Amino acid sequence: MGRFVYWMNVSVDLKIEAEPGENGGGDWMRIGESLHREFNARARALTMGVEGRVIHEIMEDFWPAARTDASLPDFMREYAEIWTAVPKVLVSRTRTSADHNTTIFGGEDAIARLADLRQRTDGDVGVGGANLATQLLRAGLLDELMLFTHPVILGHGRPLFDGDVPPVELDLIEHAVFEDGVTLHRFSVRGAR
(Lines give C-alpha, C1' and ligand atoms only; values in the text may rest on other atoms or scores of the structure.)
Protein backbone atom coordinates (compact mmCIF):
# COMPACT_ATOMS: atom_id res chain seq x y z
CA MET A 1 0.00 0.00 0.00
CA GLY A 2 1.19 3.51 -0.78
CA ARG A 3 1.63 6.32 1.71
CA PHE A 4 0.34 9.89 1.27
CA VAL A 5 3.02 12.38 2.33
CA TYR A 6 2.06 16.07 2.66
CA TRP A 7 5.21 18.01 1.76
CA MET A 8 5.21 21.74 2.51
CA ASN A 9 7.41 24.74 3.28
CA VAL A 10 6.10 26.44 6.42
CA SER A 11 6.92 29.26 8.80
CA VAL A 12 7.52 28.55 12.49
CA ASP A 13 3.86 29.45 13.11
CA LEU A 14 2.79 26.93 10.43
CA LYS A 15 1.78 29.36 7.70
CA ILE A 16 2.32 28.45 4.05
CA GLU A 17 1.67 31.93 2.64
CA ALA A 18 2.09 35.34 4.23
CA GLU A 19 -0.15 37.06 1.67
CA PRO A 20 -2.80 35.72 -0.71
CA GLY A 21 -1.30 34.94 -4.09
CA GLU A 22 2.21 34.04 -2.92
CA ASN A 23 1.39 30.62 -4.32
CA GLY A 24 4.13 28.66 -2.65
CA GLY A 25 6.68 31.44 -2.96
CA GLY A 26 7.42 34.37 -0.74
CA ASP A 27 10.63 36.11 0.19
CA TRP A 28 10.36 34.65 3.71
CA MET A 29 11.51 31.25 2.42
CA ARG A 30 15.20 30.45 2.55
CA ILE A 31 15.69 27.95 -0.24
CA GLY A 32 19.36 27.76 -1.19
CA GLU A 33 21.18 25.28 -3.38
CA SER A 34 21.75 22.54 -0.81
CA LEU A 35 18.12 22.63 0.34
CA HIS A 36 16.90 22.54 -3.26
CA ARG A 37 19.12 19.52 -3.93
CA GLU A 38 17.48 17.88 -0.91
CA PHE A 39 14.07 18.62 -2.48
CA ASN A 40 15.31 17.01 -5.71
CA ALA A 41 16.44 13.84 -3.96
CA ARG A 42 13.19 13.49 -2.05
CA ALA A 43 11.07 14.23 -5.14
CA ARG A 44 13.01 11.66 -7.14
CA ALA A 45 12.20 9.02 -4.48
CA LEU A 46 8.43 9.54 -4.79
CA THR A 47 6.35 6.98 -6.63
CA MET A 48 3.97 9.70 -7.79
CA GLY A 49 2.44 13.03 -6.84
CA VAL A 50 -1.11 14.07 -5.99
CA GLU A 51 -1.83 17.77 -6.29
CA GLY A 52 -4.73 20.12 -5.80
CA ARG A 53 -5.59 22.44 -8.68
CA VAL A 54 -3.94 25.58 -7.29
CA ILE A 55 -0.57 23.98 -6.54
CA HIS A 56 -0.65 22.05 -9.82
CA GLU A 57 -1.24 25.22 -11.82
CA ILE A 58 1.61 26.97 -9.99
CA MET A 59 3.91 24.08 -10.82
CA GLU A 60 2.84 23.69 -14.45
CA ASP A 61 3.26 27.43 -15.07
CA PHE A 62 6.95 27.29 -14.16
CA TRP A 63 8.61 23.87 -14.12
CA PRO A 64 8.06 22.52 -17.66
CA ALA A 65 9.77 25.55 -19.23
CA ALA A 66 12.46 25.52 -16.53
CA ARG A 67 13.84 22.22 -17.87
CA THR A 68 15.62 24.03 -20.70
CA ASP A 69 16.07 27.50 -19.20
CA ALA A 70 19.85 28.00 -19.28
CA SER A 71 19.54 31.04 -17.00
CA LEU A 72 18.49 28.76 -14.12
CA PRO A 73 20.98 26.79 -12.03
CA ASP A 74 21.33 23.09 -12.78
CA PHE A 75 19.60 22.01 -9.55
CA MET A 76 16.45 23.89 -10.59
CA ARG A 77 16.53 22.40 -14.10
CA GLU A 78 16.97 18.99 -12.47
CA TYR A 79 13.86 19.51 -10.31
CA ALA A 80 11.96 20.58 -13.43
CA GLU A 81 12.85 17.27 -15.09
CA ILE A 82 11.74 15.33 -12.01
CA TRP A 83 8.43 17.17 -11.69
CA THR A 84 7.45 16.83 -15.35
CA ALA A 85 8.40 13.12 -15.48
CA VAL A 86 6.80 11.83 -12.27
CA PRO A 87 3.25 10.47 -12.64
CA LYS A 88 0.78 12.91 -11.12
CA VAL A 89 -2.88 13.01 -10.18
CA LEU A 90 -4.52 16.41 -10.35
CA VAL A 91 -7.57 16.66 -8.08
CA SER A 92 -9.88 19.25 -9.62
CA ARG A 93 -13.56 19.82 -10.22
CA THR A 94 -12.86 22.31 -13.02
CA ARG A 95 -9.92 20.96 -15.02
CA THR A 96 -10.57 18.43 -17.76
CA SER A 97 -7.07 18.11 -19.19
CA ALA A 98 -3.45 18.37 -18.07
CA ASP A 99 -0.05 17.59 -19.53
CA HIS A 100 3.20 16.22 -18.10
CA ASN A 101 2.17 12.72 -17.11
CA THR A 102 -0.95 13.91 -15.25
CA THR A 103 -4.27 12.14 -14.69
CA ILE A 104 -7.29 14.09 -13.40
CA PHE A 105 -9.58 12.98 -10.57
CA GLY A 106 -12.61 15.24 -10.43
CA GLY A 107 -16.04 15.18 -8.92
CA GLU A 108 -17.45 14.22 -5.56
CA ASP A 109 -15.70 10.82 -5.48
CA ALA A 110 -12.13 12.16 -5.76
CA ILE A 111 -11.16 11.24 -2.17
CA ALA A 112 -12.61 7.73 -2.58
CA ARG A 113 -10.62 7.36 -5.81
CA LEU A 114 -7.48 8.53 -3.99
CA ALA A 115 -8.12 5.94 -1.26
CA ASP A 116 -8.29 3.27 -3.97
CA LEU A 117 -5.13 4.64 -5.62
CA ARG A 118 -3.31 4.47 -2.27
CA GLN A 119 -4.32 0.80 -1.93
CA ARG A 120 -3.02 -0.02 -5.42
CA THR A 121 0.24 1.97 -5.22
CA ASP A 122 3.57 1.09 -3.64
CA GLY A 123 5.84 3.75 -2.18
CA ASP A 124 5.44 7.33 -1.10
CA VAL A 125 2.98 9.61 -2.89
CA GLY A 126 3.74 13.30 -2.49
CA VAL A 127 0.72 15.45 -1.62
CA GLY A 128 0.73 19.10 -2.70
CA GLY A 129 -1.88 21.60 -1.60
CA ALA A 130 -3.40 22.57 1.74
CA ASN A 131 -7.00 21.92 0.72
CA LEU A 132 -6.24 18.44 -0.58
CA ALA A 133 -4.10 17.57 2.45
CA THR A 134 -6.91 18.72 4.73
CA GLN A 135 -9.40 16.47 2.95
CA LEU A 136 -7.03 13.50 3.17
CA LEU A 137 -6.40 14.13 6.88
CA ARG A 138 -10.13 14.31 7.60
CA ALA A 139 -10.62 11.03 5.71
CA GLY A 140 -7.86 9.31 7.70
CA LEU A 141 -5.76 8.86 4.56
CA LEU A 142 -2.80 11.17 5.25
CA ASP A 143 0.18 9.09 6.39
CA GLU A 144 2.93 11.63 6.87
CA LEU A 145 3.81 15.32 7.14
CA MET A 146 7.16 16.42 5.72
CA LEU A 147 7.58 20.02 6.81
CA PHE A 148 10.48 22.25 5.86
CA THR A 149 10.28 24.97 8.50
CA HIS A 150 11.81 28.34 7.69
CA PRO A 151 12.99 30.48 10.64
CA VAL A 152 10.35 33.17 10.45
CA ILE A 153 7.10 33.95 12.25
CA LEU A 154 4.63 35.39 9.76
CA GLY A 155 1.90 36.20 12.26
CA HIS A 156 -0.82 35.90 9.63
CA GLY A 157 -1.48 34.14 6.36
CA ARG A 158 -2.71 30.81 5.08
CA PRO A 159 -2.30 27.93 7.55
CA LEU A 160 -0.89 24.48 6.86
CA PHE A 161 -4.42 23.03 6.80
CA ASP A 162 -7.61 24.64 5.52
CA GLY A 163 -10.43 24.82 8.05
CA ASP A 164 -11.03 22.57 11.00
CA VAL A 165 -9.15 19.31 11.27
CA PRO A 166 -9.59 16.58 13.85
CA PRO A 167 -7.03 16.20 16.63
CA VAL A 168 -4.28 13.91 15.34
CA GLU A 169 -1.29 12.45 17.14
CA LEU A 170 2.03 12.41 15.31
CA ASP A 171 5.33 10.61 15.75
CA LEU A 172 8.59 12.32 14.77
CA ILE A 173 10.42 10.04 12.34
CA GLU A 174 13.13 12.38 11.02
CA HIS A 175 14.68 15.71 11.86
CA ALA A 176 17.40 17.55 9.94
CA VAL A 177 18.90 21.04 9.79
CA PHE A 178 19.81 22.81 6.55
CA GLU A 179 21.43 26.06 5.54
CA ASP A 180 20.03 29.35 6.82
CA GLY A 181 18.34 27.64 9.77
CA VAL A 182 15.74 25.70 7.78
CA THR A 183 14.72 22.49 9.54
CA LEU A 184 12.99 19.35 8.35
CA HIS A 185 10.47 17.60 10.56
CA ARG A 186 8.90 14.41 9.26
CA PHE A 187 5.98 13.09 11.25
CA SER A 188 4.00 9.90 10.77
CA VAL A 189 0.29 10.29 11.39
CA ARG A 190 -1.02 7.90 14.03
CA GLY A 191 -4.18 6.12 13.03
CA ALA A 192 -4.00 6.64 9.27
CA ARG A 193 -6.10 3.93 7.61
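**View 1. Glu144 and its salt bridge to Arg186.** Glu144 is buried, at 1% relative accessibility (buried means under 20% relative accessible area, exposed over 50%, partly exposed in between, with a 1.4 Å probe and protein chains only), and Arg186 is buried as well, with a relative accessible area of 18%. Their side chains meet in a salt bridge of 2.6 Å, N to O (a side-chain nitrogen of Lys or Arg within 4 Å of a carboxyl oxygen of Asp or Glu). The pair links strand β7, which holds Glu144, with strand β10, which holds Arg186, 42 residues apart (strands are DSSP runs of E, at least two residues, and helices runs of H or I, at least four, numbered from the N terminus). Salt bridges with shared partners join Arg3, Glu38, Arg42, Asp124, Glu144, Glu174 and Arg186 into one network. This is a predicted model, in which local features need pLDDT of at least 70 and side-chain atom pairs count only at pLDDT 80 or more, while totals for chains, interfaces and linings use all residues. Residues are numbered from 1 along each chain as its sequence is written, and side-chain values use heavy atoms, with hydrogens and water left out.

**View 2. Asp124 and Arg3.** The closest N and O atoms of this salt bridge are 2.9 Å apart, and the pair connects strand β6, with Asp124, to strand β1, with Arg3, across 121 residues. Asp124 is partly exposed at 26% relative accessibility.

**View 3. Glu78 and Arg44.** These side chains form a salt bridge (2.0 Å, N to O). Glu78 belongs to helix α3 (residues 74–85) and Arg44 to helix α1 (residues 33–44), so the pair ties together parts 34 residues apart in sequence.
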